Amino acid sequence: MIRWEGPAAQRDRDAAWARLLAARRARAGESGAEVAAARAGSADPLFRECYGGLVAAAARGPLAIAQIGQSLDGRIAAVSGHSRYINGPEGLDHLHRLRALADAVVVGASTADLDDPQLTVRRVEGPDPARVVIDPRGRVPAGRRMFRGGGAPAFAVVAPGARAPEGAGRIEPGSAADGAFRPRDILAALRARGYGFVLVEGGAATVSRFLAAGALDRLHVTVSPLVLGSGRPGLELPPVARVDEALRPPARTYRLGADILFDCDLGAAEQAAAPAHPGARRGP
């Protein structure tokens, strides 16, 4: 996790990021050799391996990744709900880079309503993704920032007959069982609109639902050296009786300033011989 710093390192990262953005724009028709060329030349493994690996995976086919930021003790917010900012500036830069690489970014209704995120790329160079809220009952009020401004479209995933906020297109991925859509149906509906690389950004309940459904290819967990002691937990999955039944995906780690990024390969975990988490098995 050692990263070299200074003007030369920053120039290296800027050049690597420019190549990756170019590969992202062209990935529909690019070859594996072109993706490899976009990754080559950077001395920083975060850009070469992590971001380069995402661009390469998206060039091969649909890709779903989730991102969550938490404290050392697994909290994403204080008891009050305050969460700005658990992760440091480098962790926020990472989140915005993921947005820039993705075709669409997805949040739940509570996140859209209470946090009022813009879901745009502001901290780094790159295009804004399409902004998507999962809102089966149409309860997110109009006027939220994700539905205003920016050149990227906004969508609401709603049940038939439910209201979509002004400024948002409708996506109806099928029936909502127990008031919730199947994550795989949401991803399929987005792919049908040309959004093959999807970032599930939050909140924790939405990320947990996609993870439990086995609908994710990768999971990014950014851990900050912070202990809250209490507060809102991060991932919550169906319980396991034994530790060896837990999901244990292969992971690489990267330094993001004071934060540590865990890049978890859920596709590789699915193929591993060890038992998968019962709530995270892939299936129809």
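Visitor: How much area does the protein expose, and what share of it do carbon and sulfur atoms supply?
Guide: This is a predicted model. The exposed area of the protein comes to about 13100 Å². The share that carbon and sulfur atoms supply is 52%.

Visitor: What percentage of the residues count as buried?
Guide: Buried means under 20% relative accessible area. The protein has 284 residues. Of these, the buried share is 48%.

Visitor: How many helices and strands are there?
Guide: The secondary structure holds both kinds of element. The count is eight helices and 11 strands.

Visitor: What span should helix 1 have, and how far apart are its end C-alpha atoms?
Guide: Helix 1 covers residues 7-26, which is 20 residues. At 1.5 Å a residue, the expected span is 28 Å. That agrees with the distance between the end C-alpha atoms, 29 Å.

Visitor: Within what arc do the buried residues of helix 1 fall?
Guide: The buried residues of helix 1 include Ala 9, Trp 17, Leu 20 and Leu 21. Seen down the helix axis, the buried residues line one face, because they fall within an arc of 165°.

Visitor: Which residues are exposed on the other side of helix 1?
Guide: Exposed means over 50% relative accessible area. On that other side, the exposed residues are Pro 7, Arg 11 and Arg 25.

Visitor: Is Asp 93 buried or exposed?
Guide: Asp 93 sits in helix 4, residues 89-101. Its relative accessible area is 18%. The cut-off for burial is under 20%, so Asp 93, at 18%, is buried.

Visitor: Which residues is Asp 93 in contact with, leaving aside neighbours within four places in sequence?
Guide: Set those sequence neighbours aside. The contacts of Asp 93 are then Arg 123 and Val 124.

Methods
Residues are numbered from 1 along each chain as its sequence is written. This is a predicted model: local features need pLDDT of at least 70, side-chain atom pairs count only at pLDDT 80 or more; totals for chains, interfaces and linings use all residues. Side-chain values use heavy atoms; hydrogens and water are left out. Helices (H or I, at least four residues) and strands (E, at least two) are DSSP runs, numbered from the N terminus. Buried means under 20% relative accessible area, exposed over 50%, partly exposed in between (1.4 Å probe, protein chains only). Contact means heavy atoms within 4.5 Å. Accessible areas come from the Shrake-Rupley method with a 1.4 Å probe; for residues, only the protein chains shown count as cover. The expected span of a helix is 1.5 Å times one less than its number of residues. The arc is that of the directions from the helix axis to the C-beta atoms.
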